[in-house]
Amino acid sequence: MTRPENFEFQEWWNQQRDKNNTTTTHDLLLDTSSSSNNDILTVQITTPTSDPTVEKGRSRSARQLYWLCLLRFQQLFSFFASLANGVVYLLRISHRRISSSSSSSSSSSSRLYRLIKAFLVLVLILLCLELVAYFKGWHFRPPVGSDEVLGMLGFVYSSWISIRANYLAPPLQALTNVCIVLFLIQSVDRVVLMIGCFWIKFRKLKPVATVRYAAADEEKGNVGAVEEYYPMVLVQIPMCNEREVYQQSIAAVCIQDWPKERMLVQVLDDSDESDVQQLIKAEVQKWQQRGVRILYRHRLIRTGYKAGNLKSAMSCDYVKDYEFVAIFDADFQPGPDFLKKTIPYFKGNDELALVQTRWSFVNKDENLLTRLQNINLSFHFEVEQQVNGMFINFFGFNGTAGVWRIKALEDCGGWLERTTVEDMDIAVRAHLCGWKFIYLDDVRCLCELPESYEAYKKQQHRWHSGPMQLLRLCFVDILRSKVSFAKKANLIFLFFLLRKLILPFYSFTLFCIILPLTMFLPEAQLPAWVVCYVPGIMSILNILPAPRSIPFIVPYLLFENTMSVTKFNAMISGLFRFGSSYEWIVTKKLGRSSENDLVAFEKESDPLVETTGLLRSSSDSGLEELSKLEISKKISKTKRNRLYRKELTLAFILLTASVRSLLSAQGIHFYFLLFQGITFLIVGLDLIGEQVS
């Protein structure tokens, strides 16, 4: 059968060739021959030559690849240039912030920093020496061989081992043993306090008041009964530039459930900012118009800080008409029944000078820093204050949320301006005069914890330098006082030495100095139970009064060791009267609870309004104008996180020691040094607490 010819392919090929107008790369020859039996299609393909179009495309691709690589190199160079600029900028910022933080530091702080920095250099040199010895196989033992074979490096390392074993390790081990003994004594003190607290809980021991105001309200029927049941009470609110919290403190005091004619409120304003003074004056005028007996006092000569402020207020002539004085700092918000819960304990107890209540924190869950502070202060109030108040009738006045008998204040000499812990000063003097104290754990007063590390550090510096000032000033008075020997021993050895001096000393020395040194001087050993087990048990005991904080037990242990450098520096400053020992910086508050509390205060204060709406509206309009000024000033102020050089230097020391511990395969010591060094690094970079830009 004859196959028909196919002309479709030929026609398509010709159309494509005409359309491209290019020279074909193939010579296609079609040879068609007809035969009687079949048709044969012959196709001959010659070897193709190079297509210039393809070569042109290939050359363009190579050029594109060249420019692409050039672009990538340019981007890489720009990345490294920007990275270098960022590092330089970071170093400049770090240097500026460290310089700004150190410009106001005291001479004692600078001396301590120089010692820590020298310690860091020594540790780095020792680490380099130990690394070389480790890779040469000399680890923990002197090199074996002659001096010619070992060389100069072997001779140096052999001499170092001999010096540290014969001369350095024995005194370090002696200091370690002393610190361990102090650590155990302080741990025993904690255990005894916990046993006392458990005994109070088990026996349900608590102070008993002879009068209850619920029953007194039902029985009173004449003026004489009112005077008998409701003594004259003076309420003082010392403050200084308390822009964020002045409203809530004044409002909380003004709505006390106490006869208005039997209470006088003194707002003791030491502010040096004129707009803050105007705000506080307007707030006082507002409550005056609502029928509250409240006065505004501002000193022209601001000497003596808080002690001078309180001393000036107590010198007023009208104070002699009052029997008790209640003191609240500007961030404290007592409940409306605060006076009714505290004043009854003075009835029939003429030897009682002070009734102290517990602090309760409105921002304890705000950040990690406030959670850790809550653990510490919960132990202080529920264990230390409660046990000392129940069994000794003495504890340190906390400076606020307490009620004093004015006669006791006058008997012990009143407020003195000689220390930054005027509250502890007057408590010690009252105790030496024979007065007794009562602590009420079930009466709580709301307050605010510092949320930034800078504010917390300044507060802790004042709290730990002041007791050392006071110990120097009243040591002779304690010895000469007429109180019993047991009370003298309690004041000197427990109250001052053990809890105020020994605790920061051994904590800093043991965990920040001795422990890193023992890694480079292995002949002096620090047992694992001192590093891990006993501190862990003590942390568990400390956290029991705040059981909801148990998940934070490890951060609490590490953070307390981190704070030891601040407490140690403060203790040294107060003990040897360095420049920063008498430095008072008001703890910064943020007024976290002011809005909600003020709404509640306004609702509860409606029955107190005894004036026309015209006066109230005029006062409110003035407050609105002042509030605009307040908001504008808040916006103008900018904050910056700071870098803390002592904490950063100690972080590098501990991390360097952890590397040395890793070479020695010391598990517990390595992990403790590693995590403690990381904690110091976090705190030194100001990454704990309130974060600001």
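## A nonpolar patch on the surface

In this predicted model, six residues, Phe73, Leu76, Phe79, Phe80, Leu83 and Val87, form a nonpolar patch on the surface, and together they have about 620 Å² of accessible area. One member of the patch, Phe73, is found in helix 2, which covers residues 52-103. Phe73 has a relative accessible area of 58%, and because exposed means over 50%, Phe73 counts as exposed.

## The protein as a whole

The protein has 21 helices and nine strands, and buried residues make up 49% of its 693 residues. Its accessible surface comes to about 35000 Å², and 60% of that area belongs to carbon and sulfur atoms. When contacts with a separation of 6 or more are considered, 81% of them are between residues that lie 24 or more positions apart.

The confidence of the prediction should be kept in mind while reading the model. The mean pLDDT of the protein is 82, and 75% of its residues reach 70 or more. Over residues 21-48, however, the pLDDT is below 50, although this stretch has 32 contacts in the model beyond near neighbours in sequence. The pLDDT is also below 50 over residues 598-602, a stretch with 10 contacts in the model beyond near neighbours in sequence. Where pLDDT is low, the predicted coordinates should not be read in detail.

## Strand 8 and its partners

Strand 8, made of residues 402-405, is covered on both faces: Gly402 and Trp404 lie on one side, Val403 and Arg405 lie on the other, and all of these are buried. This arrangement can be read with a general rule in mind, namely that in a regular strand the side chains alternate between the two faces of the sheet.

Strand 6, residues 324-327, runs antiparallel to strand 8 and is joined to it by four bridges. Strand 7, residues 352-361, also pairs with strand 8 in the antiparallel sense, over three bridges. Trp404 takes part in both pairings, since in strand 8 it is the bridge partner of Val325 and also the bridge partner of Leu354.

## Helix 7, an enclosed helix

Helix 7 runs over residues 246-254, and eight of its nine residues are buried, so this helix is largely enclosed by the rest of the structure. The buried residues of helix 7 are Tyr246, Gln248, Ser249, Ile250, Ala251, Ala252, Val253 and Cys254.

## Salt bridges

Side chains of opposite charge can pair when their charged atoms come close. In this protein the count comes to 24 salt bridges, and one of them joins the side chains of Lys340 and Asp257, with a distance of 3.1 Å from N to O. This pair links distant parts of the chain, for Lys340 is in helix 10 (residues 338-342) and Asp257 is in the loop between helix 7 and strand 4 (263-269), 83 residues apart. The two partners differ in their surroundings: Lys340 counts as buried at 16% relative accessibility, whereas Asp257 is partly exposed, with a relative accessible area of 42%.

A salt bridge also connects the side chains of Lys341 and Asp337, at 3.2 Å from N to O. Here Lys341 counts as partly exposed at 38% relative accessibility, and Asp337 counts as partly exposed at 31%. In a further salt bridge, between Asp425 and Arg429, the closest N and O atoms are 3.0 Å apart. Asp425 and Arg429 both lie in helix 13 (residues 422-432), and their spacing of four residues is about one turn of the helix. An α-helix has 3.6 residues a turn, so residues three or four places apart point the same way. Both Asp425 and Arg429 are buried. Finally, Glu130, Arg164, Glu523 and Arg660 are linked in a network of salt bridges.

## Ser452, a buried loop residue

Ser452 is placed in the loop between strand 9 (436-447) and helix 14 (453-480). Its relative accessibility is 18%, and because buried means under 20%, Ser452 counts as buried.

Leaving aside residues up to four places away in sequence, Ser452 touches Leu369 and Glu690. The C-alpha atoms of Ser452 and Ile688 are separated by 7.5 Å, while the two residues are 236 residues apart along the chain.

Methods: Residues are numbered from 1 along each chain as its sequence is written. This is a predicted model: local features need pLDDT of at least 70, side-chain atom pairs count only at pLDDT 80 or more; totals for chains, interfaces and linings use all residues. Side-chain values use heavy atoms; hydrogens and water are left out. Buried means under 20% relative accessible area, exposed over 50%, partly exposed in between (1.4 Å probe, protein chains only). Helices (H or I, at least four residues) and strands (E, at least two) are DSSP runs, numbered from the N terminus. Two strands pair if DSSP finds at least two bridges between them. Patches are made of residues with over 30% relative accessible area and no salt bridge: like charges are joined within 9 Å, nonpolar side chains (Val, Leu, Ile, Met, Phe, Trp, Tyr) within 5 Å. Accessible areas come from the Shrake-Rupley method with a 1.4 Å probe; for residues, only the protein chains shown count as cover. A salt bridge is a side-chain nitrogen of Lys or Arg within 4 Å of a carboxyl oxygen of Asp or Glu. Contact means heavy atoms within 4.5 Å. pLDDT is the predictor's confidence in each residue, from 0 to 100.
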